[in-house]
Amino acid sequence: MNHKIKNIIPQLLTLLFVVSVIGFFTINAQLNMDERGIDFGYGFLNQESSFDVQFSLIEYDGSHSYAKAYLVGLLNTILVSVLGIIFCTIIGVIIGIARLSPNYLIRNTAAWYVEFFRNVPLLLQIFFWYYAALRALPLPENTEPIFGVTYLTVKGYYIPRLIWENFDILIYSILAAIISIMFIRNYARKLQEEKGQQLPVLMISAGLLLIFPAITFVTGMVQLEVALPVLKQLSKTSFIYAEGLSVPPELLALVLALSLYTATFVAECVRAGVQGVSKGQKEAAASVGLTPNQILKLVIMPQALRIIIPPTTNQYLNLTKNSSLAAAIAYPDLVLVFAGTALMQTGRAIEIVSITMLTYLTLSLAISLLMNWYNKKIAIKEK
Amino acid sequence: MININVLKPNNANFQTYLYIGSGLIFISIFDVILRSFFNINFSNSLPGILNFFLPLIIGLIGFQMIRLEYSGNRIVDKINQSVNNNTFNAGLTLLIIFLTLLIIPPASNWMIFEATISGDTKEACVATEGACWTYIKVWFRRFMYGMYPNDFHWRINTAFIFLIGFAFVGYFMRGKLKNYITFYYAILYPIIAFLIINFLISGGSFGLEWVETNAWGGLSLTFIVSFFGLIFCFPLGMILALGRRSELPVIRYISIGYIEFWRGVPLITVLFMSSVMFPMFLPSDAFVDKLIRVIAAIILFEAAYVAEVIRGGLQALPRGQYDAAKSLGMGYWKMQIFVILPQALKLVIPGIANTFLALVKDTPLIFVVGLSEVVGMLQMAKTNPKWLGYAMEGYIFASILFWAICYAMSRYSQYLELKYKTER
C-alpha cells in the first residue's frame with residue numbers, strides 16, 4: 001500500500017503540472033483570440049492566397065488556395081532535402097573512405113575538410129555561397145558553357161530540359177526491371193545456398209535496368225526530346241537563357257551548403273562504421289580464401305553498414321530539418337511560403353505554426369519509424 | 001609488360017632511378033607552376049588531352065621509378081610508405097599537390113599580400129585587387145557588440161570578466177566549497193550570471209543607462225545566448241533523461257513525448273513559435289522580452305537533445321551499479337546523484353560537447369526574430385550603401401571566428417574525455 005502511494009504521488013504531480021501548463025496556455029490563447037476577434041479554425045486553408053511563389057514544382061499562382069501554397073512549400077522542401085541527401089551521401093562516403101586512406105596527404109586533406117566544414121555554422125555557409133560565391137559568377141551573356149550545353153550564371157544554373165513522350169511507359173518498364181531483378185536475386189540466393197554457385201547479380205541487374213527502358217526507346221513507344229538553353233534578350237541589358245530548365249541560385253546555394261555541411265557528419269559515420277568492423281573479420285575471411293573484392297562485399301560491407309546506417313539516417317533527418325534555413329535566402333520552402341508569407345497575410349499564428357511543426361514532426365517520425373524497422377531487420381540475430 | 005619492368009627499380013640501379021624519378025616529379029610540378037602562373041606551356045604541340053594531363057603522366061612515371069620497398073634511403077622509404085604505395089595513391093598525391101599549387105598562391109595573395117587594412121573608408125580598398133580588411137576593422141565593434149552604444153562597451157566587457165571570474169571562483173575554491181560545489185554551479189552560478197547580465201549589460205539601475213535588447217548583438221550576443229543555453233539546458237536535459245528511464249509510466253510517456261516532439265521539429269520553426277505564437281499563450285498584459293523568449297525556446301529545444309545523449313550514458317551503465325546502490329539502502333535520488341549520474345555523465349562527455357557545439361552553431365538562427373549576432377550583423381553591414389561589395393571578407397572573418405570557437409571547444413572536450421576516463 002505504502003509503496004503504491006509512493007509511486008502514484010509523483011506521477012499525479014507531474015500530470016497536474018503538465019495539465020495546468022497546457023490549460024494556462026489554452027485559456028490565455030482563447031482570451032487573446034476573443035479580444036482580437038479571431039476564431040480558431042483551419043477554414044482559411046481554402047481561401048484564395050493571392051501571393052505568388054517564385055519557384056514551384058507544381059502549377060501555382062495567386063488565385064490558388066492556401067492549401068495549395070502549403071503544398072508548393074512542402075514540395076520545395078522535399079526537393080531540397082532529396083537533392084541534399086543524394087549529394088551529401090556521395091561526398092560523405094568519398095571523404096569518409098579518404099579519411100581511412102593509407103595516403104598521408106589524402107587522409108589529412110579529408111580530415112581538414114571535416115574539421116573546417118562542420119565547425120562553421122550552416123547559416124553562415126548558406127550566406128557565403130549565396131551572397132559571396134554565387135554572386136561572383138558571370139552574367140548570362142558572358143557565360144562559357146560547362147559540358148557544352150549547361151550554363152552556370154549569376155541568375156542560376158541553366159540545364160537542358162528533357163521533354164518526354166509517354167513518360168509513364170518508361171516508368172512501367174523501370175518497374176518491370178526492378179521486379180525481375182528482385183526475382184533474380186531470390187534465385188541467386190537459392191542457387192548459392194543449394195549449390196554454392198554465385199551469379200554476377202550486380203551485372204545482371206545493371207543490364208536489366210538498361211535493357212528494359214532501351215527496348216521502349218527502340219520500339220518507339222517512348223520519345224525523348226532535349227530542349228537546350230538558348231540565350232534570349234529580355235531588354236537592352238538583361239539576358240536570360242530560355243527553353244532550358246533553370247535552377248535558381250537559391251536552390252544551388254542551399255543544396256551546396258547543406259550537402260557540404262552534412263557530408264562531414266556522414267563521413268564520420270562511414271569512417272566509424274568501417275573502423276568498427278574488427279580486423280579479425282577481414283583476416284578470417286582472407287584465410288578461408290575469399291578474394292579482396294569478396295571480402296569487401298560479403299564480409300566488411302554488411303557489417304559496416306549495420307554501424308553506418310542508423311547515425312547516417314539521423315544526419316538525413318537533420319538535413320531535412322536544416323533545409324528550413326532556406327527562409328534566410330528567400331528560397332520558397334515550407335517555412336518561407338507558409339510560416340512566412342501566409343502567416344503575415346492571415347495572421348493565424350497558432351494554426352500555421354502548428355501545421356508547419358506537425359509537418360516536420362510527421363516527416364521525422366516517419367523516417368525514424370522506417371529506420372527502426374530496417375534496423376531490426378538487419379540486426380544480428382544472435383542465438 | 002616490358003615497359004613497366006623498365007620503370008621498376010631494383011636495389012642495384014636504385015640510385016640512378018631515384019635521381020631520374022625525383023627529377024621527373026620535380027619537372028611535373030615545375031610544369032604546373034609555369035602553366036598556371038607564367039602562362040608558359042612547353043607541350044603545346046601535343047594533342048589537347050595529352051597536353052593537359054602531361055604533368056600528371058610525368059609525375060606518375062617519376063613516382064613509379066622511386067617505388068621500392070626497403071630501398072635503404074630513409075626519406076624515400078617514408079615517402080613510399082605514406083604517399084606512394086601504389087599507382088592510384090601516387091596519382092591522388094600528385095593531384096593534391098597540383099591543386100594546392102593552384103589554390104594556395106592566389107588565395108594567400110588575395111587574403112594577405114594584396115590585401116589592405118589601412119584607412120577608415122572604402123576608398124582605401126579601391127586601389128587593390130586583394131581583400132579589404134579595412135571593412136572588418138571599421139565594423140569590428142559592430143561585429144563584436146552589435147548596435148550596443150559605443151560608450152557602454154566597457155559594460156559588456158566587465159560583465160564577461162565577472163562571469164568568467166565567478167566560474168573560476170568555484171574551480172579554485174573546490175577544497176573549501178567541497179559539498180556545495182554542485183549546488184554552486186547548478187543553482188547559484190546561473191542566478192549570479194543572470195543578475196550580472198541584467199544589471200550590467202541591460203542596465204536601468206545603479207546609474208547605468210537602460211539598453212534595450214534589440215540593440216544587443218554581435219559576438220557578445222552569441223556568447224550570452226549560448227551561455228544561458230548551456231547552463232540551463234543541461235539540468236533540464238538531465239531530468240528528462242531520468243524521466244525517460246523512469247519506471248513510472250506517466251512520467252516516462254510525458255518525457256518521451258517531450259523529447260520526440262522537440263527533436264522532430266527544426267529550430268527555426270521553434271523560434272518562429274517563440275516570436276509569433278508564444279505571445280498569444282500569455283496573458284495579454286504580460287510582456288516577456290524577445291531575447292528571453294528566444295533563449296527559453298533554445299533551452300527547451302536543446303534540452304531534448306541533451307536528454308537523449310545522457311540517456312545513452314545511463315543505458316551504458318551495467319545493471320550491477322543500480323543493484324549495488326539499492327542494496328546499500330539508497331533511495332532513488334541518492335542513487336542517481338551519487339552513483340549513477342556521475343558515472344553516466346563521464347561516459348557522455350563527447351556527446352554533450354557535440355550538443356553544445358551544435359547550440360553555438362545554431363545561435364545565428366535568432367535572426368528570424370530580428371536579433372542579430374555576428375552573422376546577422378554581417379548581413380546588416382553588407383547592405384550598408386557605403387560598404388557594398390565586401391560580403392566575402394565578412395563571411396571569411398566570421399567563419400574563422402566560429403571555427404576557432406568550435407574547434408577550441410571540441411579540443412577541450414577531447415581533453416576532458418581523456419581526463420575523466422576511468423578503467424573498468
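How many residues do chain A and chain B each bring to the contact? The contact takes 48 residues from chain A and 42 residues from chain B, where two residues are in contact if their C-beta atoms, placed from the backbone, lie within 7 Å.

This is a predicted model, in which local features need pLDDT of at least 70, side-chain atom pairs count only at pLDDT 80 or more, and totals for chains, interfaces and linings use all residues. Residues are numbered from 1 along each chain as its sequence is written, while chains are lettered from A and ligands numbered from 1 in the order in which they are written. The model scores ipTM 0.85 and pTM 0.86. For chain B the mean pLDDT (the predictor's confidence in each residue, from 0 to 100) is 81, and 95% of its residues reach 70 or more.

Chain A holds eleven helices and seven strands; these are DSSP runs, with helices being H or I of at least four residues and strands E of at least two, numbered from the N terminus. The radius of gyration of chain A is 27 Å, well over the 21 Å that the globule rule gives for 383 residues, so the chain is more spread out than a compact globule. That radius is taken over C-alpha atoms, and the rule is 2.2 Å times the number of residues to the power 0.38. Buried residues, those with 20 or more other C-beta atoms within 10 Å of their own, make up 30% of chain A.

The side of chain A that touches chain B receives two or more residues from each of several helices, including H3 (104–118) and H9 (292–322). H1(A) gives the most, with twelve residues. The table sorts this side by class.

| Class | Residues on the side of chain A that touches chain B |
|---|---|
| Nonpolar (Ala, Val, Leu, Ile, Met, Phe, Trp, Tyr, Cys, Pro) | 33 residues |
| Polar (the others, Gly among them) | twelve residues |
| Charged (Asp, Glu, Lys, Arg) | three residues |

A nonpolar core is a set of buried Ala, Val, Leu, Ile, Met, Phe, Trp, Tyr and Cys residues joined through C-beta atoms within 7 Å. The largest such core has 150 residues, and Ala253(A) and Leu271(B) are among the members that touch the most others. Helix H7 (residues 249–276) of chain A gives the most to this core, with 16 residues.

Helix H10(A) has buried residues including Leu334(A) and Phe338(A). Their cover includes H2 (66–98) and H11 of chain A, together with H13 (267–277) of chain B.

Technical notes. A residue is buried if 20 or more other C-beta atoms lie within 10 Å of its own, exposed if 12 or fewer, and partly exposed in between; C-beta atoms are placed from the backbone.
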